[in-house]
Amino acid sequence: MRRLVMGATIAVANHVAIARAGDEAPSLDLGRAVYEQHCASCHGANAEGAPNWQERDAHGELPAPPHNAEGHMWRHSDADLYQMVEKGWRDPFNKTQRLTMPAFGDVLSREQIRAVITYLKTLWTDEQRQFQSEESQGHPFPSEAQ
């Protein structure tokens, strides 16, 4: 019974978070499914990040960071997050030419990219969502993502 109540509480909190995010609320189920299929292998099943994610490796890169409230993803605008997922990301301390995070623009649809970002917002605190929402006011999802 306790698990049922806890699960219902989390589900309600997630829906409230989406409403607060001001997004058009792409499906949380879709976002969660995209995360599990394409992101969890590096960022963790619970978005907890790779082990030792704060220690640079031999390439000068940091392992995949958490996407939950322990990480820093919430500091980026919607435009920045969309671009990172679509085009990939290269750690500025990366000593190689390869991307640190691969591009998913050829793998995921615009709807899937938006959905996974929206899903990840449900893992943040209210204060983090508020900060990210303010960051996104001047840098919303790009028009091609609509």
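The following exchange goes through some descriptions of this predicted model and the values behind them.

Trainee: What makes up the protein in terms of helices and strands?
Mentor: There are 5 helices and 0 strands, so the order from the N terminus on reads α-α-α-α-α. Of its 146 residues, 37% count as buried.

Trainee: Why are H2 and H4 called roughly perpendicular?
Mentor: Their axes cross at roughly 95 degrees. Angles of 65 to 115 degrees count as roughly perpendicular, and therefore H2 and H4 get that description. The axes come within 7 Å.

Trainee: Which residues of H2 and H4 meet?
Mentor: From H2, Leu-28, Leu-30, Gly-31, Arg-32, Val-34, Tyr-35 and Cys-39 take part. They meet Glu-111, Gln-112, Ala-115, Val-116, Thr-118, Tyr-119 and Leu-120 of H4. By class, the residues of this contact are 9 nonpolar, 3 polar and 2 charged. Gly counts as polar, so Gly-31 goes with the polar residues.

Trainee: Which elements give two or more residues to the largest nonpolar core?
Mentor: Helix H2 (28-43), helix H3 (78-87) and helix H4 (110-121) do. This core has 21 residues, and those touching the most other members are Tyr-35, Tyr-82, Val-85, Leu-108, Ile-113, Val-116 and Ile-117. In soluble globular proteins, nonpolar side chains tend to be buried together.

Trainee: What does Tyr-35 touch, leaving out residues up to four places away in sequence?
Mentor: Tyr-35 touches Ala-40, His-43, Gly-44, Ala-45, Ala-47, His-67, Val-116, Tyr-119 and Leu-120.

Trainee: How do you know whether His-67 is buried or exposed?
Mentor: The relative accessible area of His-67 is 12%. Buried means under 20%, so His-67 is buried. His-67 lies in the loop between H2 and H3. Beyond four places in sequence, His-67 touches Tyr-35, His-43, Ala-47, Met-73, Leu-120, Leu-123 and Trp-124.

Trainee: Why does the pair His-67 and His-43 count as a polar contact?
Mentor: Their side chains are joined at 3.2 Å. The cut-off for a pair of N or O atoms is 3.5 Å, with one able to donate a hydrogen and the other to accept it, so the pair counts.

Trainee: What makes Ser-27 partly exposed?
Mentor: Ser-27 has a relative accessible area of 34%. Partly exposed covers values between 20% and 50%, so the term applies to Ser-27.

Trainee: Where is Ser-27, and what does its side chain reach?
Mentor: Ser-27 is in the loop between helix H1 (2-21) and H2, and its side chain reaches the backbone nitrogen of Asp-29 at 3.2 Å. The C-alpha atoms of Ser-27 and Glu-111 are separated by 9.2 Å, with the two positions 84 residues apart along the chain.

Key
Residues numbered from 1 in each chain as written. Predicted model: local features only at pLDDT ≥ 70, side-chain atom pairs only at ≥ 80, totals over all residues. Heavy atoms only, no water. Core = buried A, V, L, I, M, F, W, Y, C linked by side-chain atoms within 4.5 Å. Buried < 20%, exposed > 50% of the residue type's maximum accessible area, 1.4 Å probe, protein only. Helix = DSSP H or I, 4+ residues; strand = E, 2+ residues; numbered from the N terminus. Contact = heavy atoms within 4.5 Å. Axes fitted to C-alpha atoms, helices over the stretch in contact; angles between N-to-C directions. Parallel < 35°, antiparallel > 145°, perpendicular 65-115°, else oblique.
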